[in-house]
Amino acid sequence: MNYCIGLAFAAYAPAADFEGQTVATGLKGGYQVIAVDVNGDRKTDLIGLASGQPDLVWYENPSWQPHVLARGVNRMINLAARDVDGDGIPEIVLASDFANEPKGSRGTVSVLTHTGDPRQPWRLREIDQLTTSHRLRWADVEGNGRPVAVNAPLAGARAAAPEYRDHVPLVFYRPGTWTRETIGSENEGVTHGIFVADWNGDRRDDILTASFSGLHVYSLGKGGAWKRIEIAKGAPAAWPKSGASDLAVGRLGRARYVTAIEPWHGNMVTVYEKQGKEWRRQVIDEAIDQGHTIHTADLDGDGRDEVITGWRAGGGGVAVYRKPKKGPWLREVLEQKTMAASGCAVADLDGDARPDIACIGSATQNLRVYWNRSARRGR
């Protein structure tokens, strides 16, 4: 059963608990922002990926001086950064040569490694071509401290708009050999979002996916076989408006929840809470326009994770949803009309133990940080 809470829009200015700052402008096709320490100085920097420009750029905290990671890269769409060799500098996997239509999407996957000075351009090495390579994440799927790079293409090689009827592969690469290994191909239609978490408490990362098929989790068994389990079916509308677009996992105290944008590039923010063996679906907002990024974080220190969502169309916007101990989810707009958020990242950027929010805009072509000034509410 669906439950919908009507929520009023707030003013276009950033919310009182957050202070907005522009880091960069002119980012044509701004698509993804990653928060990671790029140069090993123990400060969390930002990487801003813009699909409409050929250079991949990172911004050094706290001055936000830009540095080029790679030049001349065509149609970049996603990256994942993590220090896997222990030198304090992350390795970066990058997807490029992307198009929504599989027949026109080469799907190049590359690895970027520094050459000594992270402020200088990095070495770029192609490792694979997989049609519509779209979402990249690092995950410790074996629980051995050696993460692999997960690649979730948007659609299967035979898919075509608007139905996208085909099975979608999900694969990974082991650092060093960088050979493609298959996780599964059960998802159908468009797989737009993935999320990495230890879902079943076995100290191994699992891969959660959002697709036309719904919300699922892929787990690696002790015998080396992958298993896919359905969490929920997502939006109940007919294909291709079924399923979900993006997802994240959060907690309200001890209770876990899943939050999603539905359907693909959809207008709804949903929350799933466990009731018995089922995950109860609740629509907490249905007024976003082309929702494209969703995260969870305890922004105010009360032990209850908020939901952070960004949308691209209608001028775009960024909103935070809070769930008090009693009553419905509450919606607070950080920015509207001036941030067409394609991607956001949540991290403590100034060392004050409060998670900040960074978002990158597509139509607005900007990268902004929302500094968290909220009072610590306590548990």
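A residue counts as buried when its relative accessible area is under 20%, as exposed when that area is over 50%, and as partly exposed in between. The exercises below apply this to a predicted model.

**Exercise 1. Classify Trp-58 as buried or exposed, and describe its surroundings.**

Step 1. Locate the residue: Trp-58 belongs to strand 4, which spans residues 56-60.

Step 2. Apply the cut-off. The relative accessible area of Trp-58 is 0%, so this residue is buried.

Step 3. List the neighbours. Leaving aside residues up to four places away in sequence, Trp-58 touches Val-38, Asn-39, Asp-45, Leu-46, Ile-47, Gln-65, Pro-66, His-67, Leu-69, Pro-118 and Arg-119.

Step 4. Look for a polar partner. At 3.3 Å, the side chain of Trp-58 reaches the backbone oxygen of Pro-118.

Step 5. Compare sequence with space. Ala-70 is 12 residues from Trp-58 in sequence, and their C-alpha atoms are 9.9 Å apart.

**Exercise 2. Determine which residues and strands line the largest pocket.**

Step 1. Begin with the volume: the largest pocket holds about 790 Å³ of space.

Step 2. Find the centre. The lining comprises 32 residues, of which Gln-32, Ile-34, Arg-137, His-295 and Cys-344 are the closest to the centre of the pocket.

Step 3. Assign the lining to strands. At least two lining residues come from each of strands 2, 6, 10, 14, 18, 22 and 26. Strand 26 gives the largest share, with 6 residues.

Step 4. Sort the lining by class: 19 residues are nonpolar, 9 are polar and 4 are charged.

**Exercise 3. Identify the disulfide and state its handedness.**

Step 1. Search the whole structure; 1 disulfide is found. Its partners are Cys-344 and Cys-359, with an S to S distance of 2.1 Å.

Step 2. Place the partners in the chain. Cys-344 lies in strand 26 and Cys-359 in strand 27 (residues 356-361), so that distant parts of the chain, 15 residues apart, are linked.

Step 3. Read the torsion. About the S-S bond it is about 105 degrees, and the disulfide is therefore right-handed.

Step 4. Assess accessibility. Cys-344 is buried because its relative accessible area is 5%; Cys-359 is likewise buried, at 0%.

Step 5. Connect this with Exercise 2: Cys-344 is also among the residues closest to the centre of the largest pocket.

**Exercise 4. Find where the backbone has cis peptide bonds or a positive phi in a residue other than glycine.**

Step 1. Recall the usual case. Most peptide bonds are trans, and most residues other than glycine have a negative phi.

Step 2. Examine omega. The peptide bond between Trp-239 and Pro-240 is cis, with omega about 5 degrees. Another cis bond joins Glu-262 and Pro-263, where omega is about -20 degrees.

Step 3. Locate both prolines. Pro-240 sits in the loop between strand 17 and strand 18, whereas Pro-263 occupies the loop between strand 19 and strand 20.

Step 4. Examine phi. Trp-64 has a positive phi near 65 degrees, and Lys-337 has a positive phi near 80 degrees.

Step 5. Locate these two residues. Trp-64 is in the loop between strand 4 and strand 5; Lys-337 is in the loop between strand 25 and strand 26.

Step 6. Apply the cut-offs for accessibility. With a relative accessible area of 6%, Trp-64 is buried. Lys-337, at 40%, is partly exposed.

Methods
Residues are numbered from 1 along each chain as its sequence is written. This is a predicted model: local features need pLDDT of at least 70, side-chain atom pairs count only at pLDDT 80 or more; totals for chains, interfaces and linings use all residues. Side-chain values use heavy atoms; hydrogens and water are left out. On a 1 Å grid over the protein atoms alone, a cavity is a set of points where a 1.4 Å probe fits but cannot get out, and a pocket is an open set with protein on both sides within 12 Å along at least five of seven lines; lining residues have an atom within 4 Å of a point. Grid points are joined across faces, edges and corners, and a volume is the space filled by probe spheres set on the points. Helices (H or I, at least four residues) and strands (E, at least two) are DSSP runs, numbered from the N terminus. Ala, Val, Leu, Ile, Met, Phe, Trp, Tyr, Cys and Pro count as nonpolar, Asp, Glu, Lys and Arg as charged, and the others, Gly among them, as polar. A disulfide is a pair of cysteine sulfur atoms within 2.5 Å. Buried means under 20% relative accessible area, exposed over 50%, partly exposed in between (1.4 Å probe, protein chains only). Contact means heavy atoms within 4.5 Å. A polar contact is a pair of N or O atoms within 3.5 Å; within protein, one must be able to donate a hydrogen and the other to accept it, and residues adjacent in sequence count only if both atoms are side-chain atoms.
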